[in-house]
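This briefing sets out strand pairing, core packing and charged contacts for the structure shown below. Points are grouped by topic.

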Amino acid sequence: MAAGKGPWNRALLTYLREPQRCFMHDERVVVVRDGYSKATHHYLVIPRERILNHSDLTSAHVPLLRHMISVGTDLIDRLLADACSEGEESSSVASRSSPPLASTSPSPMESSHGEALNPVTTRAHPLTRTFRCGFHVFPSMLQLHMHVISSDFVAPALKRKQHWNSFNTAYFIEADRFVERLELEGRIMQDASLKQLLSAPLECDGITFSTMPKLKQYLSQRLQDHRRYSNLFQKQKRSQPEYLGTQAGW
């Protein structure tokens with residue numbers, strides 16, 4: 001059954017039945033790449049237990065959610081390790097213990113929106129070494145899912161104001177805070193007033209942008225600047241005597 005068949009907002013449910021189609025999976029969760037990624041790296045960690053909405057969560061789900069966070073940080077470590085293998089240094093990421101995940105075969109997989117994807121390759125730079133894990137206050141897709149997304153927000157599918165604001169306002173709840181709320185309150189309260197944040201002004205780095213094209217131009221330039229700075233820093237570091245001595249085995 002293709003993920004694209006049936007109501008679009010039920011596409012994630014397909015992966016509960018067919019974990020072998022996912023980027024990674026274990027006995028409790030599956031990981032897929034978002035078919036309409038809003039950044040260079042954008043993945044979804046989905047529990048295999050059927051949990052359609054935040055309203056279905058209880059304090060009994062706290063261990064599962066903590067496992068989702070653990071898997072998310074394990075994924076980040078893997079992405080950064082791939083970047084290191086390509087000759088770039090990674091920034092530190094807080095590691096969390098998690099059981100080994102089973103990776104799929106190298107055949108193309110389908111995304112969470114039914115789009116065929118080839119196995120992921122990564123090229124890291126400062127902005128794509130910074131990741132966020134969290135949940136939308138009002139998810140657009142059925143079945144609980146946690147976003148693992150890099151902070152560059154450079155992607156063709158980032159087209160509308162709500163796309164940006166859903167990750168860069170209080171509409172996005174950091175994963176640790178989400179779990180803390182569930183642990184303290186026993187459920188996730190959804191504040192309907194937060195929906196208005198999707199139409200809030202476009203703001204980034206203290207700058208307000210009048211249109212999405214202007215914001216996207218800024219994000220693209222910011223990414224290029226970070227790449228240039230990173231490359232310059234690495235060249236300077238390699239020119240230092242202590243670095244050369246280490247490389248030569250002195």
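Which residue of strand 8 is the bridge partner of Tyr 43? The partner is Val 148. The model is a predicted one, and the points below begin with strand 8, whose five residues, 146-150, are all buried.

**Strand 8 and its neighbours**

- Strand 8 is covered on both faces, with Met 146, Val 148 and Ser 150 buried on one side and His 147 and Ile 149 buried on the other.
- Strand 3, spanning residues 42-47, runs antiparallel to strand 8 and is joined to it by four bridges.
- Strand 7, spanning residues 131-136, likewise pairs with strand 8 in the antiparallel sense, over four bridges.
- Val 148 is the bridge partner of Tyr 43, and Val 148 is also the bridge partner of Cys 133.

**Nonpolar cores**

- The largest nonpolar core has 32 residues, and Met 146 and Val 148 touch the most other members.
- Strand 2 (29-33), strand 3, helix 2, strand 7, strand 8 and helix 4 each contribute at least two residues to this core.
- Helix 2 makes the greatest contribution to this core, giving ten residues.
- Leaving aside residues up to four places away in sequence, Met 146 touches Tyr 43, Leu 44, Val 45, Met 68, Ile 69, Gly 72, Cys 133, Gly 134, Phe 135 and Ala 175.
- A second core, separate from the one above, has 13 residues, including Ile 149, Phe 153, Phe 167 and Leu 219.
- In soluble globular proteins, nonpolar side chains tend to be buried together.

**Salt bridges**

- The model contains four salt bridges, and three are described here, beginning with Arg 66 and Glu 183, whose closest N and O atoms lie 2.8 Å apart.
- This pair links distant parts of the chain, since Arg 66 belongs to helix 2 (residues 62-85) and Glu 183 to helix 4 (residues 175-185), with their positions 117 residues apart in the numbering.
- Both partners are partly exposed: Arg 66 has a relative accessible area of 38%, and Glu 183 has one of 45%.
- Arg 132 and Glu 174 form a salt bridge through their side chains, at 2.6 Å from N to O.
- The two partners are 42 residues apart, with Arg 132 in strand 7 and Glu 174 in strand 9 (residues 172-174).
- Glu 174 is partly exposed, at a relative accessible area of 33%.
- Asp 205 and Arg 222 also meet in a salt bridge, at 3.1 Å from N to O.
- Asp 205 lies in the loop between strand 10 (202-204) and strand 11 (207-209), whereas Arg 222 lies in helix 5 (residues 212-238), 17 residues apart.
- Arg 222 counts as buried, because its relative accessibility of 14% falls under the 20% cut-off.

**Cysteines**

- The structure holds zero disulfides.
- Cys 22 is buried at a relative accessible area of 0%, and Cys 133 is buried at 12% relative accessibility.

**Arg 17**

- Arg 17 is part of helix 1 (residues 14-17).
- Arg 17 counts as exposed, because its relative accessibility of 51% is over the 50% cut-off.
- Arg 17 and Arg 48 are separated by 31 residues in sequence, and their C-alpha atoms are 8.3 Å apart in space.

Technical notes
Residues numbered from 1 in each chain as written. Predicted model: local features only at pLDDT ≥ 70, side-chain atom pairs only at ≥ 80, totals over all residues. Heavy atoms only, no water. Buried < 20%, exposed > 50% of the residue type's maximum accessible area, 1.4 Å probe, protein only. Pairing = 2+ DSSP bridges. Disulfide = S-S within 2.5 Å. Core = buried A, V, L, I, M, F, W, Y, C linked by side-chain atoms within 4.5 Å. Contact = heavy atoms within 4.5 Å.
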